[in-house]
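Biologist: I would like to learn how to read a strand, a ligand site and a single side chain in a model. Could we go through them one at a time?

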Amino acid sequence: MRKRFNGSFTQQDKIPDEGIEAVTAVLQHGRLHRYNVTDGEWGETALFEQEFAHMIGSRYAVAVASGGYALATALRALDVGHGDKVLTNTFTLAPVPGAIASVGAQPIFVEVTEGLKIDLNDLQSKIDKANVLLLSHMRGHICDMDQLMGLCDAAGVRVIEDCAHTLGARWRTVPSGRHGEIGCYSFQTYKHMNSGEGGLLITDNSQIAARTIILSGSYMHYEKHHAAPPPEAFAELKYTTPNVSGRMDNVRAAILRPQLRTLPRRVRHWNDRYSRLVSGLSDLPGLTLVRRSDDEQFVGSSLQFLLLDWPKPNVLEVVDRCRERGVELKWFGADEPAGFTSKYDSWRFAPSEPMPRSDRVLAGLLDMRIPLTFDLADCDLIAEIIRDEVSEVYASLTKARL
Ligand SMILES: *Cc1c(COP(=O)(O)O)cnc(C)c1O
């Protein structure tokens, strides 16, 4: 009998009790809207913003309805609009080009390396084509941020970081999201903090912070923000900045505040599981693991590996065989978008040049979630199943090639 894995790749761990109690308190007093506060009261959302800014080291933070909304708001705050071009990664998820499209702009895609990072040579060659880079640290892979910022600063390109998969991560000692002008986070269920839906932006720039607050739908309640610039910063902007409602509410903020405190522990748990999977999959012919730099203090909440230059039917065979044994792998090389997984050439709202290096990488790229409901023994079993199936398919492939 071949072993089978019976866990769920989509089941997250529970919300901390403290969060459940805080939500109950909000439900009982009924003041769910972030600006619905009594005299002298600070709502959960304002407190969450303040605590988040403190944790990450930013001057300002603005909580919003989703990660995708945070990205679009960041673009608006930098005045990106109709017909503008925005540099971005080919390897990312649909909300990234979606945010660009939502402001009427168009992406200029930058290739991905075999290390799953933005290709800095390709970025250099396209750097004069746009004023903004929307950099996605897709699946937690962080490129050399010193080099990237050097390149963008020299060209006058402003950087927005999409940190949907890097909350809790660092490049050297700097938290992910603190290199660019704006950092964006997502609290959707599959990210590092879970409130079902939710997002947040950070910045040190008071003009950007003020614009973001008004954009997010503050009406004229900007004085009810803690992690915000003083009222003077809003004096002119309140007349010229549109209200594009996408606020966070006090229920979500109440769920999230205790998770700020448990984040470091959860990061360790993810990394323990990630290392266990990596050691189970190392030195396997045909399978390439992604090498990580010592400067990249990543969060191993998912694992990627490459079956580089394999014919597509054989990659698909691995996916199918693993699925039969309970191991869910997502394939970035599929012709049709499915579930959360799609790639740049299926985003027809955001046309692209041919991207041959990305095509090669994505064609062999397999991706797996690591929910914290898995224990280390689960990781051993998952690695064993992937190992078996990859070796068997690879053996038939090399035999056929002889
Ligand atoms: C999840 C995600 C986002 C934001 O998504 P929302 O579902 O809008 O919160 C942005 N970028 C990437 C790479 C993501 O995975």
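**Reading a strand, a ligand shell and one residue**

Modeller: Let us begin with strand β8, from which I182, C184 and S186 point one way while G183 and Y185 point the other way, and all of these residues are buried. Please keep in mind throughout that this is a predicted model.

Biologist: How many of the residues of β8 are buried?

Modeller: A residue is called buried when its relative accessible area is under 20%. In β8, which spans residues 182-186, five of the five residues are buried, so by this cut-off the strand is mostly covered.

Biologist: Which strands pair with β8, and in which sense, parallel or antiparallel?

Modeller: When reading a pairing, look for the bridges and for the direction of the strands. Strand β5, residues 158-162, runs parallel to β8 and is joined to it by three bridges, and I160 has I182 as its bridge partner in β8. Strand β9, residues 199-203, pairs with β8 in the antiparallel sense over five bridges, and there S186 stands opposite G199.

Biologist: Now to the ligand: how many residues surround it, and which are the closest?

Modeller: The shell of a ligand is read by listing its residues and then their kinds. Here 15 residues surround the ligand, and the closest are G68, D162, H165, S186 and K191. By kind, the shell divides into five nonpolar, eight polar and two charged residues.

Biologist: Which side chains have an N or O atom at a short listed distance from an atom of the ligand, and what are those distances?

Modeller: For D162, a side-chain N or O atom is 2.7 Å from a nitrogen atom of the ligand. An oxygen atom of the ligand is 2.8 Å from such an atom in the side chain of Q188, and an oxygen atom of the ligand is 3.1 Å from one in the side chain of K191. On its own the ligand has 380 Å² of accessible area, and the protein covers 91% of it. The elements that give two or more residues to the shell are α3 (67-77) and α4 (95-102).

Biologist: Finally, where does F374 lie, and is it buried or exposed?

Modeller: For a single residue, one reads its place, its cover and its contacts. F374 lies in the loop between β14 (365-369) and α12 (376-401), and it counts as buried because its relative accessible area is 2%, where the cut-off is under 20%. Leaving aside neighbours within four places in sequence, F374 is in contact with F5, S8, F9, R273, R369 and I382.

Note on methods: Residues numbered from 1 in each chain as written. Predicted model: local features only at pLDDT ≥ 70, side-chain atom pairs only at ≥ 80, totals over all residues. Heavy atoms only, no water. Helix = DSSP H or I, 4+ residues; strand = E, 2+ residues; numbered from the N terminus. Buried < 20%, exposed > 50% of the residue type's maximum accessible area, 1.4 Å probe, protein only. Contact = heavy atoms within 4.5 Å. Near = heavy atom within 4 Å. Polar contact = N/O pair within 3.5 Å; in protein donor to acceptor, adjacent residues only side chain to side chain. Areas by Shrake-Rupley, 256 points an atom, 1.4 Å probe, with all protein chains shown as cover. Nonpolar A, V, L, I, M, F, W, Y, C, P; charged D, E, K, R; others polar. Pairing = 2+ DSSP bridges.
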